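User: Please take a close look at one part of this protein and at the elements packed around that part. I would like a single connected account, going from the part itself outward to its neighbours.

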Amino acid sequence: MTHTYNITGMTCGSCSAKVKSALLKLPDVLSADVSINPGKAVIEMQNHIPLASLSTAVGSAGNYSIAESGNHTSDMASSKTEAKSWFATYKPLLLIAFFIVLVSTLVSFHDGQLHWMQWMNSTMAGFFLVFSFFKLLDLKGFAESYSSYDLLAMRWKGYGLIYPFLELALGIAFVTQWQPFVTNLVTVVLMSFSILGVTKSLLAKRTIQCACLGTVFNLPMSTVTFVEDGLMIAMGLAMLMMM
């Protein structure tokens, strides 16, 4: 069942991320889509959750309140109304990936051939720099969203505040080719740990927001996130073996 509620007190993306994170912690919440303007929360529930429980959860996140809007729909009606095509949903991520791969290919193609080591290095640099940029646009919002599925961020929210800077540092390291062995090794370790949280969420069939592009784009967690992390691990391992 899917219910829509009015949320008051939210003023920024960080607020909506806090409210969303608080709602997702409730056992019977399958997914939550929180928007600031207007202040609404569309919540998909496995079983009906009393308004008092939702109010307690939202209040724990900050000075926010929740009220029924009277707009309750069935799962089927909700999916027909709000469903978007796969391409429309992932269009921002696909465009970013396309431009990064395009630039990496153009930079790495010379002497009549594609230099794979340089191509992987440029691609990794592009992904880390671009992804860290979007996360840093709303650092607190990203940290809140990231803590809903990353294994370490769940236990220590400070990790969500540090993670974008780790990506930024790796991006700079790939661009400057600083200590390639260390850079690739750290990449493999970091992304391998990250993919554990993604895998756990996918196996649990949780419908949550992917924080790969911060809070700027509302991308759902899916196998796309798993493939993205997996490819970065694979490229990191490949470059380690080629050294």
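Analyst:
**Helix α8 and its surroundings**

The buried residues of α8 are covered by elements that include α5, α6, α7 (151-155), α9 (180-203) and α10 (223-242). The description that follows rests on a predicted model.

The helix itself comes first. Helix α8 is made of 19 residues, and its first and last C-alpha atoms are 28 Å apart, close to the 27 Å expected at 1.5 Å a residue. Its buried residues are Gly158, Tyr159, Gly160, Tyr163, Pro164, Glu167, Leu170, Gly171, Ala173 and Phe174. Just past the end of α8, glutamine 177 adopts a positive phi of about 55°.

One of the covering elements is α6. The axes of α6 and α8 (residues 158-176) approach within 8 Å and cross at roughly 115°, and this crossing is right-handed. On the α6 side the contact is formed by Leu139, Lys140, Phe142, Ala143 and Tyr146, while α8 contributes Tyr159, Gly160, Leu161, Tyr163, Pro164 and Phe165. By class, these residues comprise nine nonpolar, one polar and one charged.

Aromatic rings are a recurring feature here. Ring pairs join Phe142, Tyr146, Tyr149, Tyr159 and Tyr163 into a cluster. Phe142 and Tyr146 belong to α6, and Tyr159 and Tyr163 to α8; these four residues are also part of the contact between the two helices. Tyr159 and Tyr163 are also listed among the buried residues of α8.

The whole structure contains 11 aromatic pairs. One of them joins tryptophan 116 and tryptophan 119 in an edge-to-face arrangement, with 5.6 Å between ring centres and 70° between planes. Both tryptophans lie in helix α5 (residues 116-137), three residues apart, which is about one turn of the helix. Their accessibilities nevertheless fall into separate classes: tryptophan 116 is exposed because its relative accessible area of 51% is over 50%, and tryptophan 119 is buried because its value of 15% is under 20%. A further pair, phenylalanine 142 with tyrosine 146, is stacked, because the ring centres are 4.9 Å apart and the planes meet at 20°, under the 30 degrees that a stacked pair requires. These two residues are four places apart in helix α6 (residues 139-146), so about one helical turn separates them. An α-helix has 3.6 residues a turn, so residues three or four places apart point the same way. Phenylalanine 142 and tyrosine 146 are both buried.

Helix α9 also covers α8. The 24 residues of α9 should span 34 Å at 1.5 Å a residue, and the end C-alpha atoms are 34 Å apart, so the two values agree. The buried residues of α9 are Thr183, Asn184, Thr187, Val188, Leu190, Met191, Ser194, Ile195, Gly197, Val198 and Ser201. They pack against α5, α6, α7, α8 and α10. After α9 comes lysine 205, which has a positive phi near 55°.

Helix α5 likewise belongs to the cover of α8, and asparagine 121 of α5 illustrates the relation at the level of one residue. Asparagine 121 counts as buried because its relative accessibility of 16% is under 20%. Neighbours within four places in sequence set aside, asparagine 121 is in contact with Phe174, Gln177 and Met239. Of these partners, Phe174 is one of the buried residues of α8, and glutamine 177 is the residue with positive phi just after α8.

Helix α5 also packs against helix α4 (residues 86-108), at an angle of about 145° and with the axes 9 Å apart. The crossing of α4 and α5 is right-handed. From α4, the contact involves Leu93, Ile96, Ala97, Ile100, Val101, Ser104, Thr105, Val107 and Ser108; from α5 it involves Gln118, Trp119, Ser122, Thr123, Gly126, Phe127, Val130, Phe131 and Phe134. This contact holds 11 nonpolar, seven polar and no charged residues. Trp119, the buried member of the tryptophan pair, is thus part of the surface that α5 presents to α4, because it is in the contact.

Note on methods. Residues are numbered from 1 along each chain as its sequence is written. This is a predicted model: local features need pLDDT of at least 70, side-chain atom pairs count only at pLDDT 80 or more; totals for chains, interfaces and linings use all residues. Side-chain values use heavy atoms; hydrogens and water are left out. Rings of Phe, Tyr and Trp (its six-membered ring) pair if their centres lie within 6.5 Å; planes under 30 degrees apart count as stacked, over 60 as edge-to-face and the rest as tilted. Buried means under 20% relative accessible area, exposed over 50%, partly exposed in between (1.4 Å probe, protein chains only). Axes are lines fitted to C-alpha atoms, for helices over the stretch in contact, and angles run from 0 to 180 degrees between N-to-C directions. A crossing is left-handed if the near helix is turned anticlockwise from the far one by less than a right angle, and right-handed if clockwise. Contact means heavy atoms within 4.5 Å. Ala, Val, Leu, Ile, Met, Phe, Trp, Tyr, Cys and Pro count as nonpolar, Asp, Glu, Lys and Arg as charged, and the others, Gly among them, as polar. The expected span of a helix is 1.5 Å times one less than its number of residues.
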